[in-house]
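I open this notebook to record what I looked up in the structure shown below. The entries follow the order of my reading.

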Amino acid sequence: MPEEWETFYVETLRNNATNTPLSYSLDLSEAIKDGIQNNTRLQLNSDQDDAEVFITGNINSYSITPVALQEGDNASQNRLTVAVQFNILISEPEEKEMVLNANRYLDYDSNTDLGVVENELLAEINEQIVQDVINKLLANW
C-alpha cells in the first residue's frame with residue numbers, strides 16, 4: 001500500500017437490485033468501512049475530497065436460485081447470490097481508477113425459510129465482499 005495513502009472514504013452503495021432488504025446497502029457500506037479500518041492502516045475520512053482512496057459502488061444483483069436439483073426437479077438447497085460493482089478512485093501517488101466486480105454466494109437448505117437465515121448469510125457474504133475490496137486495494141500497487 002503506498003505510503004501516500006492515509007485516509008479513505010466510502011460512499012453509501014446504491015441499490016439497483018430487486019428484493020434486497022431495505023437496509024442492505026447501508027449495512028454493506030458500513031461493513032466495508034469497518035473492514036478497511038480494522039485490517040489496514042487507512043483511517044476513515046468524513047470528507048470525500050480529502051481522502052486518497054474513494055470507493056463508490058452499486059449492488060447490481062440479489063437473487064435466490066434453486067441448486068442441487070434432485071429427483072422430481074426439487075432442489076435440496078437454495079443459493080443466495082449478491083453481486084456488487086465497485087469503483088475505487090485513487091488520488092495518490094498517481095490518479096488511478098480501479099473496478100472490482102464482487103460476486104459472492106452461499107447455499108442453504110431449501111426447507112429453511114430465508115427470513116430465518118438471511119441475516120446470517122448476508123453477514124458472511126459481506127465478510128467475503130469486504131475481503132475482496134481489501135485485496136483489490138492491496139494487490140494493485
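**Entry 1: the sheet**

How many bridges join S4 to S5, and do these strands run parallel or antiparallel? I looked this up with the reminder that the model is a predicted one. I found that S4 and S5 run antiparallel and are joined by 15 bridges. As a landmark on this pairing I noted asparagine 58, which stands opposite glutamine 85 in S5.

I then turned to S5 and S6. These strands also run antiparallel, with 14 bridges between them. Here asparagine 78 has tyrosine 108 of S6 as its bridge partner. S5 and S6 form a hairpin, and five residues lie between them.

**Entry 2: the loop of the hairpin**

I next examined proline 93, whose place is in the loop between S5 and S6. The peptide bond that joins glutamate 92 to proline 93 is cis, and I recorded an omega of about -5 degrees.

**Entry 3: strand S1**

With which strands does S1 pair in the parallel sense? I found S3, residues 43–44, paired with S1 over two bridges. I also found S4, which pairs with S1 in the parallel sense over three bridges. For the pairing with S3, I noted threonine 7 opposite glutamine 43. For the pairing with S4, I noted tyrosine 9 opposite phenylalanine 54.

I then asked which residues of S1 are buried on each side. In a regular strand the side chains alternate between the two faces of the sheet. In S1, Thr7 and Tyr9 lie on one side, and Phe8 and Val10 on the other. All four are buried, and both faces of S1 are thus recorded as covered.

**Entry 4: an aromatic pair**

I searched for aromatic pairs and found that the structure holds two. One of them is formed by tyrosine 9 and phenylalanine 54. Their ring centres are 5.5 Å apart and their planes differ by 20 degrees, and the pair is stacked. The pair links distant parts of the chain, since tyrosine 9 is in strand S1, phenylalanine 54 is in strand S4, and 45 residues separate them. Is phenylalanine 54 buried or exposed? Its relative accessible area is 14%, and because the limit for buried is under 20%, phenylalanine 54 counts as buried.

**Entry 5: helix H1**

I measured nothing by hand here and only read the computed values. H1 has 16 residues and reaches 22 Å from its first C-alpha to its last, close to the 22 Å expected. Its buried residues are Tyr24, Ser25, Leu28, Ser29, Ile32, Lys33, Gly35 and Ile36. An α-helix has 3.6 residues a turn, so residues three or four places apart point the same way. I noted that the buried residues of H1 pack against S1, S2, S3, S4, S5 and H2.

Lysine 33, found in helix H1, received a closer look. Its relative accessibility is 14%, and therefore lysine 33 counts as buried. Leaving aside residues up to four places away in sequence, lysine 33 touches Phe8, Val10 and Leu44. I also took a distance from lysine 33 to isoleucine 129: they are 96 residues apart in sequence and 12 Å apart in space, C-alpha to C-alpha.

**Entry 6: the loop before H1**

Asparagine 19 lies in the loop between strand S2 (14–15) and H1. Its phi is near 70 degrees, a positive value in a residue other than glycine. At 65% relative accessibility, asparagine 19 counts as exposed.

**Entry 7: helix H2**

H2 has 26 residues, and I read a reach of 35 Å from its first C-alpha to its last, close to the 38 Å expected. Where does H2 bend? The bend is at glutamate 120 and amounts to about 25 degrees.

**Entry 8: the core**

I closed with the largest nonpolar core, which has 35 residues. Ile32, Ile36, Val53, Phe86 and Ile129 have the most contacts inside it. The elements that give two or more residues to this core are S1, H1, S4, S5, S6 and H2. H2 gives the most, with 10 residues.

Which residues does isoleucine 36 touch, beyond those up to four places away in sequence? I listed Phe8, Leu42, Ile55, Val133, Ile134 and Leu137.

Conventions: Residues are numbered from 1 along each chain as its sequence is written. This is a predicted model: local features need pLDDT of at least 70, side-chain atom pairs count only at pLDDT 80 or more; totals for chains, interfaces and linings use all residues. Side-chain values use heavy atoms; hydrogens and water are left out. A nonpolar core is a set of buried Ala, Val, Leu, Ile, Met, Phe, Trp, Tyr and Cys residues joined through side-chain atoms within 4.5 Å. Buried means under 20% relative accessible area, exposed over 50%, partly exposed in between (1.4 Å probe, protein chains only). Contact means heavy atoms within 4.5 Å. Two strands pair if DSSP finds at least two bridges between them. The expected span of a helix is 1.5 Å times one less than its number of residues. The bend at a residue is the angle between axes fitted to the seven residues ending there and the seven starting there. Rings of Phe, Tyr and Trp (its six-membered ring) pair if their centres lie within 6.5 Å; planes under 30 degrees apart count as stacked, over 60 as edge-to-face and the rest as tilted.
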